[in-house]
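User: I would like to learn how to read the packing of rings and helices in a protein structure. Could you take me through it step by step?

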Amino acid sequence: MRVLSLILVLAGAAPQAPSTPGAPAVAGPREARDVLLRRELAQVALAQLQKEDPAWHPEQRDCAGLVRFAYRSAHRRFFPERLARPLWSDVRGQPSEFADAETLLTRSFLPLGRDEAALEALRTGDLVAFRQEQEAGPAFHLMLVVRPEDKAHAPARVVYHPGEKGAAVRTGVLHTLVTEAPIEWRPVPQNTAFLGFFRFKEWMP
């Protein structure tokens with residue numbers, strides 16, 4: 001019920017979308033389109049908390065897979081012509097349908113910063129990124145930000161897949177993560193594992 005309530009809040013915080021299945025992409029200024037994309041991305045991400053979409057391939061269910069799936073789903077509804085070419089770039093900078101967490105950060109997203117100002121500027125679809133050192137090598141982890149355009153409606157949240165096969169998608173309040181998570185998972189400048197906040201290149205000014 002809490003997830004459903006948040007979806008309804010997010011739906012009411014942006015322009016209304018076409019209600020007819022298969023309706024054409026919304027015409028209008030880029031910002032209006034991007035607001036619709038963000039709203040749909042939020043709804044797709046939050047829906048995975050209740051039941052993971054069968055269209056999200058089980059072999060791609062990890063943190064980067066959630067980002068790819070949510071972005072593709074949002075574009076498929078409101079900007080399908082963009083999917084005529086891949087959304088992502090590979091390690092060489094070439095268009096690609098697949099990119100892991102590190103490649104998404106370095107090729108398809110841009111850093112917003114690591115400080116309080118960057119935290120407050122976050123919008124739905126932005127990422128919180130970490131790099132954890134492990135015996136097998138560094139592991140990158142991404143969390144999707146979900147925040148209503150009107151910040152008074154609800155707090156910013158993160159939605160993420162923990163990475164383990166068969167694990168469920170999880171969510172939490174972003175500011176709670178800042179103050180209560182284990183230090184290695186806090187998005188604060190003092191945490192060396194915290195890479196920063198990132199935004200999709202195509203949503204940058």
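Analyst: What follows is a short dialogue about aromatic pairs, charges over rings and helix packing in this model, which is predicted.

User: How many aromatic pairs does a search of the whole structure find, and how is such a pair described?

Analyst: In general, a pair of aromatic rings is described by the distance of the centres and the angle of the planes. In this structure the search finds 12 aromatic pairs. One of them is formed by Trp56 and Phe69, which are stacked, at 5.8 Å centre to centre and with 15° between the planes. This pair links distant parts of the chain, since Trp56 lies in the loop between helix H2 (30-50) and helix H3 (63-78) while Phe69 belongs to helix H3, 13 residues apart. Trp56 is buried, and Phe69 is buried as well.

User: Which arrangement do Phe130 and Trp185 show, and where in the chain do they lie?

Analyst: Phe130 and Trp185 form an edge-to-face pair, with 5.2 Å from centre to centre and 65° between the planes. Phe130 is in strand S4 (residues 127-134), whereas Trp185 is in the loop between helix H6 (174-180) and strand S8 (194-200), so that the pair links parts of the chain 55 residues apart.

User: Why does Phe130 count as buried, and why does Trp185 count as partly exposed?

Analyst: Phe130 counts as buried because its relative accessible area is 0%, which is under the 20% cut-off. Trp185 has 27% relative accessibility and therefore counts as partly exposed, as that class runs between 20% and 50%.

User: Which residues do ring pairs link into a cluster, and where does the charged end of Arg38 sit?

Analyst: The cluster linked by ring pairs consists of Tyr71, Trp88, Phe109, Phe200 and Trp203. The charged end of Arg38 sits over the ring of Trp203, 4.5 Å from its centre, and the charged end of Arg33 sits over the ring of Phe79, 4.0 Å from its centre.

User: How do H2 and H3 pack against each other?

Analyst: As a general idea, two packed helices are described by the angle between their axes and the distance between the axes. Here H2 and H3 pack at an angle of about 130°, and their axes are 8 Å apart. That angle makes H2 oblique to H3. The crossing in which H2 passes H3 is right-handed. Among the residues making the contact are Arg33, Leu36 and Leu37 of H2, together with Phe69, Ala70 and Tyr71 of H3.

How values were computed:
Residues are numbered from 1 along each chain as its sequence is written. This is a predicted model: local features need pLDDT of at least 70, side-chain atom pairs count only at pLDDT 80 or more; totals for chains, interfaces and linings use all residues. Side-chain values use heavy atoms; hydrogens and water are left out. Rings of Phe, Tyr and Trp (its six-membered ring) pair if their centres lie within 6.5 Å; planes under 30 degrees apart count as stacked, over 60 as edge-to-face and the rest as tilted. Helices (H or I, at least four residues) and strands (E, at least two) are DSSP runs, numbered from the N terminus. Buried means under 20% relative accessible area, exposed over 50%, partly exposed in between (1.4 Å probe, protein chains only). A charge sits over a ring if NZ of Lys or CZ of Arg is within 6 Å of the ring centre and within 35 degrees of the ring normal. Axes are lines fitted to C-alpha atoms, for helices over the stretch in contact, and angles run from 0 to 180 degrees between N-to-C directions. Angles under 35 degrees count as roughly parallel, over 145 as roughly antiparallel, 65 to 115 as roughly perpendicular and the rest as oblique. A crossing is left-handed if the near helix is turned anticlockwise from the far one by less than a right angle, and right-handed if clockwise. Contact means heavy atoms within 4.5 Å.
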